[in-house]
Amino acid sequence: MDSDRLARHLAAVVGDAHVLSDPALRASYETDFTGRYTGPARLVVRPADTAQVAETVRLCRDAGVAVVPQGGNTGLVGASVPSPAGGEVLLSLRRLTGIGPIDPGARQVTVGAGLPLAELQRHVRPNGWEFGVDLASRDSATLGGMIATNAGGERVVKYGTTRANVAGVEAVMADGSVLDRLAGLPKDNTGYDLTNLLVGSEGTLAVLTRARLRLVPHLPRRTTALLALDSLEAALAVLAELRLLESLELAEFFTADGLALVMEKSGLPAPFRAPHPVYLLVECAGRRDPAEELAEVLDQADVRDVAVALQAADGRRLAAYRERHTESINAAGIPLKLDVTVPLAELPGFVAELPGLLAGRARPYVFGHLAEGNLHVNLLEVAPADEDAVTEAVLARVAAVGGSISAEHGVGRAKARHLHLTRSAADIAVMRAVKEALDPAGLLSPGTLLPPVARPGARR
Ligand code: MLT
Ligand code: ZN
């Protein structure tokens, strides 16, 4: 089927206004947030509900055309945009923004895959609830995208990753059938857990359309502190003490270089009189004021300086030094982003070794989520000819110290060919078998997560 004919069929399902073929209208869907990953879509299709998604997937399958689902396009591993060669239909879920009533007894709510996280937060907070996952990109990141990537973010130390906060999903499978696992039953031992199979599947097994989310109580009293420290070892020592506190919600680190770049690009004033090697942003929250128990830990800790915020606005000001890292790095260039986890005991050594691994081929900015050993290794000024070697050097070292090549951003296109570094041949064979079973024609997000297998007859 040619593109014009497919476009006419799709327009009959979603309406003319929601099939975009004009390159100017497609452009914002075709390049990701980093500017690194880009590819031309055959068409951008914007269905309004599950039935339209199912019909879109069916029409594309019948035409042998691959589909790339996209939420807020805030992904960082190239999974949310077409391949460089292009030709896929980009299926935008952004119109699926429904939100159901909160079920306070079950502590759950059902949302559309295209609902931005910030809108969910605005919906549940006035009712005394919170979604456990929070991210700097909350205004654009959609719940469907967060589930597809099993996003982590800033509060994993208390609430876990997105996986732990999803009770069920609805999804359109590659053949256009609809999987409904939205009942949200806390106990349901009837066979394979299909929700968890789809969480983190990065658009390769199904198109997520709705989700049943777990909610946690909104904790109104919070204290935020920015700690200046000698080293990552000192940060880990403070973290070990902080983890004794039930109220700990956030422990994020960054370094002197990162803070200097954030101040340069954002115009924020310096948080302390002098720069320090390492900074740790911590936040404690509770129904009762956690300020005192936090102060007790910090009084005993080996810190150079502390800025404490007791008011919410001051807390947001301190958090900005951490949250504005991504945009500040983007303002300095297109980064090579390597999101990895290493065991905590290996973290200081890994960061210390990084300059040696890079051997002058990149300017590194390292920050991230300390409690999970989740390092965001952002590399600027990497020559295109060095990108592969630099990536391999860093990821191989991650594997050697027992870490994972993807902590929370997913594998995407960026790391598909490095998957073998931290997943065994047996793991990858099982993943391939699942993919083959659920998407036999290989039409969902080809090239993402698993390296593509050449298939006669499949067109992009
Ligand atoms: C973050 O923690 O800020 C995000 O994962 C984004 C990033 O790594 O740039
Ligand atoms: Zn992160």
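In the predicted model, the shell of residues around ligand 1 divides into 2 nonpolar, 4 polar and 3 charged members. The residues that make up these surroundings are Leu76, Arg322, Thr326, Lys337, Phe367, His369, His376, Glu408 and His409. Under the classes applied here, Leu and Phe count as nonpolar and Glu, Lys and Arg as charged, so that Leu76 and Phe367 supply the nonpolar part of the shell, while Arg322, Lys337 and Glu408 supply the charged part. The polar part is accordingly made up of Thr326, His369, His376 and His409.

Several side chains of this shell approach the oxygen atoms of the ligand. For Arg322, an N or O atom of the side chain is placed 2.7 Å from an oxygen atom of ligand 1, and for Lys337 the separation between a polar side-chain atom and a ligand oxygen atom is 2.8 Å. The side chain of His369 likewise brings an N or O atom to 3.1 Å from an oxygen atom of ligand 1. Since a polar contact is taken as a pair of N or O atoms within 3.5 Å, the distances computed for Arg322, Lys337 and His369 each fall inside that limit. Of the 260 Å² that ligand 1 exposes when taken alone, 87% is buried by the protein.

The packing of helices was examined for three pairs, two of which involve helix α13. Helix α13, which spans residues 347-358, and helix α14, which spans residues 387-400, have axes that come within 10 Å and cross at roughly 150°. Because angles over 145 degrees are classed as roughly antiparallel, α13 is assigned a roughly antiparallel course with respect to α14, and the crossing of these two helices is right-handed.

Helix α13 also packs against helix α8 (residues 232-242), at an angle of about 160° and with the two axes 9 Å apart. The pair formed by α8 and α13 is therefore roughly antiparallel, and α8 passes α13 in a crossing of right-handed sense.

Another pair is formed by helix α1, covering residues 3-14, and helix α3, covering residues 50-63, whose axes lie 9 Å apart and whose packing angle is about 165°. It follows from this angle that α1 and α3 are roughly antiparallel to each other, and their crossing is right-handed.

Terms used:
Residues numbered from 1 in each chain as written. Chains lettered and ligands numbered in written order. Predicted model: local features only at pLDDT ≥ 70, side-chain atom pairs only at ≥ 80, totals over all residues. Heavy atoms only, no water. Near = heavy atom within 4 Å. Polar contact = N/O pair within 3.5 Å; in protein donor to acceptor, adjacent residues only side chain to side chain. Areas by Shrake-Rupley, 256 points an atom, 1.4 Å probe, with all protein chains shown as cover. Axes fitted to C-alpha atoms, helices over the stretch in contact; angles between N-to-C directions. Helix = DSSP H or I, 4+ residues; strand = E, 2+ residues; numbered from the N terminus. Parallel < 35°, antiparallel > 145°, perpendicular 65-115°, else oblique. Left-handed = near helix turned anticlockwise from the far one by under 90°.
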